[in-house]
Amino acid sequence: RPQWRGVIDEYRELLDLPAGVPAVTLREGGTPLVRSGWLSGLTGAEVWLKVEGNNPTGSFKDRGMTAAISVAKHEGARAVVCASTGNTSASMAAYAANCGLTPLVLVPEGKIAAGKMAQAIMHGAQVLMVRGNFDDCLTLARQLAESYPVALVNSVNPARLEGQKTAAFEIVDFLGDAPDVHVLPVGNAGNISAYWLGYTQYAAAGHATRRPVMRGFQAAGAAPLVNGAPVADPETKATAIRIGNPASWKLAVAAAEESGGRFRAVTDDQILSAQRELARRDGVFVEPASATGVAGLLDDLDRGESYAGLTVAVTVTGHGLKDTVTALEGLGDVVDSVVDADVADVARAAGLA
Ligand code: F0G
């Protein structure tokens, strides 16, 4: 069986990219759709997790980055820049390294998970920590790209959404049709916009008979799309979605409206609890922001909303190993036991004897 080629070459004829652009790829995409026994049992629905942490740099960003970096390289760029809450920068740095572009990263000071920072640095990015939030970083990145020889690869770059929409294709390819409902976290709002683009295009091409209802969830302290207004000082432990003024605002609102969906907010406690439960019950370890969709689904159930009988896709956007500090913080006083190298001692400590 041939190796999965990465999202550009798997879906090239469906992507609006320059004809024949060579793919800069780390074989992203082709991620597992894992049935959640836990969530299916709770909801009476068939709940499928699209596990995007299985991408090469551990998040869904790789789908868009293969496209944005391929185009930048093709068009002769030498350097690339992004603003990021961590995952975009990790992804950009890896793809830039792969094709010899110079990566420049702007991140909010002190608000990036250690794993993501390590990735950007290891792949050779120059990382500048900005005294400001993500929204400030994005403004700066746009200004840099306007005035200096550096290409912007945030999701305002249309190639990004072209790549990211392939996740919707994969879900339809596997399920045989679109799900009834698609649930996912929303930060800068590129991903929900890309999914809607993908579902719409795939249905129009005859690969699906319908499009799902899109339900986006934000962290309560960073929920501009729920409030209907930008948030000046977004705050959440789910640092990946600590964003107050999403760039793809209009596209995301259109996705929710056209699909009969909506945005809702969940608290950090709900997010961290969903992250823990998902790890313990389904064996899927995701980063905090990535559990926001699961938290939203659970919150909907608490509000008496029914998912019974439906097929539900939930995107879990990034790997749990990105941010082990936040994950373990939430556990309180879990103590590791130290034992002698003695079987009786081990058995006693393990509660077997
Ligand atoms: N989940 C994770 C793990 C993310 O890293 C992001 C965004 C999102 C969800 C939200 O997706 O922005 O398309 O609505 N991270 C960006 C970054 C902002 O810089 O890595 P979105």
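Here are some notes on this predicted model, going through its two sheets, a helix and the surroundings of the ligand.

1. **What the record says.** Start with the annotation, since it covers a long run of residues. The UniProt entry, which is unreviewed, labels residues 24-318 "domain: Tryptophan synthase beta chain-like PALP". In the model, that span is 44% helix and 17% strand. Its end C-alpha atoms sit 21 Å apart.

2. **The sheet of six strands.** Look for an open sheet whose 6 strands follow the order β1-β2-β10-β7-β8-β9, with mixed pairing. Which strands sit at its edges? They are β1 (33-35) and β9 (262-266), each of which pairs on one side only. If you ignore direction, neighbouring strands here are turned by 25 degrees against each other on average.

3. **One pair inside that sheet.** Pick out β7 (residues 181-185) and β10 (residues 311-316): these two run parallel and share 3 bridges. For a spot to zoom in on, try Val183, whose bridge partner in β10 is Val314.

4. **The sheet of four strands.** There is also an open sheet of 4 strands, ordered β5-β4-β3-β6, and its pairing is parallel. Its edges are β5 (126-130) and β6 (151-152), and each of them pairs on one side only.

5. **One pair inside this sheet.** How many bridges join β3 to β4? Count 5 of them between β3 (residues 79-83) and β4 (residues 102-108), two strands that run parallel. Val81 is a handy landmark here, as its bridge partner in β4 is Leu104.

6. **A helix across the strands.** Now find α4, which spans residues 87-99 and lies across both β3 and β4. Compare its direction with that of β4: the angle is about 175 degrees. Keep α4 in mind, as this helix comes back in the next point.

7. **Around the ligand.** The ligand has 21 residues around it, and those that come nearest are Gly187, Asn188, Asn191, Thr317 and Gly318. Which elements give two or more residues to this shell? They are α4, the helix from the point above, and α9 (190-204).

8. **Make-up of the shell.** Sorted by class, the residues around the ligand are 13 polar, 6 nonpolar and 2 charged. The shell also draws on two domains, with at least three residues from each. Domain 1 is made of 7-59 + 160-329, while domain 2 is 61-157. If you colour the model by domain, you can check for yourself that both contribute to the shell around the ligand.

Terms used:
Residues numbered from 1 in each chain as written. Predicted model: local features only at pLDDT ≥ 70, side-chain atom pairs only at ≥ 80, totals over all residues. Pairing = 2+ DSSP bridges. Contact = placed C-beta atoms within 7 Å. Axes fitted to C-alpha atoms, helices over the stretch in contact; angles between N-to-C directions. Near = placed C-beta within 6 Å. Nonpolar A, V, L, I, M, F, W, Y, C, P; charged D, E, K, R; others polar. Domains from an automatic or database assignment. UniProt positions renumbered as here; feature names shortened; annotations may be inferred.
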